[in-house]
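Subject: Handover of a structure

Dear colleague,

Please find below the structure that I am passing on to you. My notes on what was found in it follow directly after.

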Amino acid sequence: MNAMTPHWVSIGKLADIPRQGARCVKNGAMTIAIFRTFDDRVFALEDKCPHRNGPLSQGIVHDGCVTCPLHNWVISLETGKAQGADEGETRRFPVRLDGDKIMLGLGP
Ligand code: FES
């Protein structure tokens with residue numbers, strides 16, 4: 001394991017998150033939103049919109065993006081970047097499925 005390898009943590013099962021929904025996990029003071037798409041892909045972003053820190057976990061998941069509930073910015077789940085004319089980026093975390101378990105990559 002090299003210094004860049006994330007530390008993988010089991011954070012629950014895929015079925016714990018509704019399709020096109022999200023669930024939050026805490027990492028110290030930070031809240032990380034885990035999103036599940038319609039086709040069962042998972043993504044992890046800090047639960048903080050790059051516009052004014054809106055809770056992305058309460059947004060609408062669609063087309064590989066989440067629409068922020070506060071002012072409707074659209075954030076890519078894959079890159080964390082604001083789409084269209086808006087500019088900004090939310091921190092991303094590696095996440096993968098191990099069978100039906102969701103593994104979140106933290107650190108290094
Ligand atoms: S806080 Fe997300 S769009 Fe304004």
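In the largest nonpolar core, which has 14 residues, Ile32, Ile34, Ala44, Phe93, Ile102 and Leu104 touch the most other members. Strand 3 (30–36), strand 4 (42–46) and strand 10 (101–106) are the elements that contribute two or more residues to this core. A further core of 13 residues lies apart from it, and Leu45, Val66, Trp73 and Ala82 are among its members. Please keep in mind throughout that this is a predicted model.

**Ala44 and its surroundings**

Ala44 deserves a separate paragraph. This residue belongs to strand 4. Ala44 counts as buried because its relative accessible area is 2%, and buried means under 20%. When residues up to four places away in sequence are set aside, Ala44 touches Ile32, Ala33, Ile34, Arg91, Arg92, Phe93, Val95 and Leu104. Gly54, by comparison, is 10 residues from Ala44 in sequence, and the two C-alpha atoms are 15 Å apart in space.

**The sheet of four strands**

One open sheet is formed by 4 strands in the order 2-3-4-8, with antiparallel pairing. Strand 2 (21–27) and strand 8 (92–93) stand at its edges; each has a single partner strand, so one side of each is left without a neighbour in the sheet. Strands of a sheet pair through backbone hydrogen bonds, either parallel or antiparallel. Here, strand 2 and strand 3 run antiparallel and are joined by 7 bridges. One residue pair to look at is Asn27 and its bridge partner in strand 3, Met30.

**Arg36**

Strand 3 also holds Arg36. Is this arginine buried or exposed? Arg36 counts as buried, since its relative accessibility is 10% and the limit for buried is under 20%. The side chain of Arg36 reaches the backbone oxygen of Leu14 at a distance of 3.2 Å. Leu14 also appears among the residues that Arg36 touches, together with Ala15, Ile17, Pro18, Arg19, Gln20, Gly21, Arg41 and Val61; residues up to four places away in sequence are not counted here.

**The sheet of three strands**

Another open sheet has 3 strands in the order 1-10-9, again with antiparallel pairing. Its edges are strand 1 (7–13) and strand 9 (95–98), each with a single partner strand, so one side of each is left without a neighbour in the sheet. On average, neighbouring strands of this sheet are turned by 35° against each other, direction ignored.

Strand 9 and strand 10 run antiparallel and are joined by 4 bridges. Two residue pairs can be followed between them. Leu97 stands opposite Ile102 in strand 10, and Val95 has Leu104 of strand 10 as its bridge partner. Both Ile102 and Leu104 were named above among the core residues that touch the most other members. Strand 9 and strand 10 form a hairpin with 2 residues between the strands, and in this hairpin Gly99 takes a positive phi near 65°.

**Positive phi values outside glycine**

Which residues other than glycine take a positive phi? Gln20 is one of them, with phi near 60°, and Asp63 is another, with phi near 50°. Gln20 lies in the loop between strand 1 and strand 2, and this residue is one of the contacts of Arg36. Asp63 is found in the loop between strand 5 (60–62) and strand 6 (65–67). As for accessibility, Gln20 counts as partly exposed at 38%, whereas Asp63 counts as exposed at 75%.

**Cysteines**

How many disulfides does the structure hold? The number is 0. For Cys65, the reason is distance: the closest cysteine sulfur, in Cys49, is 12 Å from its own sulfur, which is too far for a bond because a disulfide requires the two sulfur atoms to be within 2.5 Å. Cys65 counts as buried, with a relative accessibility of 10%. Cys68 counts as buried as well, at 2% relative accessibility.

With these notes, the structure is now in your hands.

Kind regards

Terms used
Residues are numbered from 1 along each chain as its sequence is written. This is a predicted model: local features need pLDDT of at least 70, side-chain atom pairs count only at pLDDT 80 or more; totals for chains, interfaces and linings use all residues. Side-chain values use heavy atoms; hydrogens and water are left out. Buried means under 20% relative accessible area, exposed over 50%, partly exposed in between (1.4 Å probe, protein chains only). A nonpolar core is a set of buried Ala, Val, Leu, Ile, Met, Phe, Trp, Tyr and Cys residues joined through side-chain atoms within 4.5 Å. Contact means heavy atoms within 4.5 Å. A polar contact is a pair of N or O atoms within 3.5 Å; within protein, one must be able to donate a hydrogen and the other to accept it, and residues adjacent in sequence count only if both atoms are side-chain atoms. Two strands pair if DSSP finds at least two bridges between them. Axes are lines fitted to C-alpha atoms, for helices over the stretch in contact, and angles run from 0 to 180 degrees between N-to-C directions.
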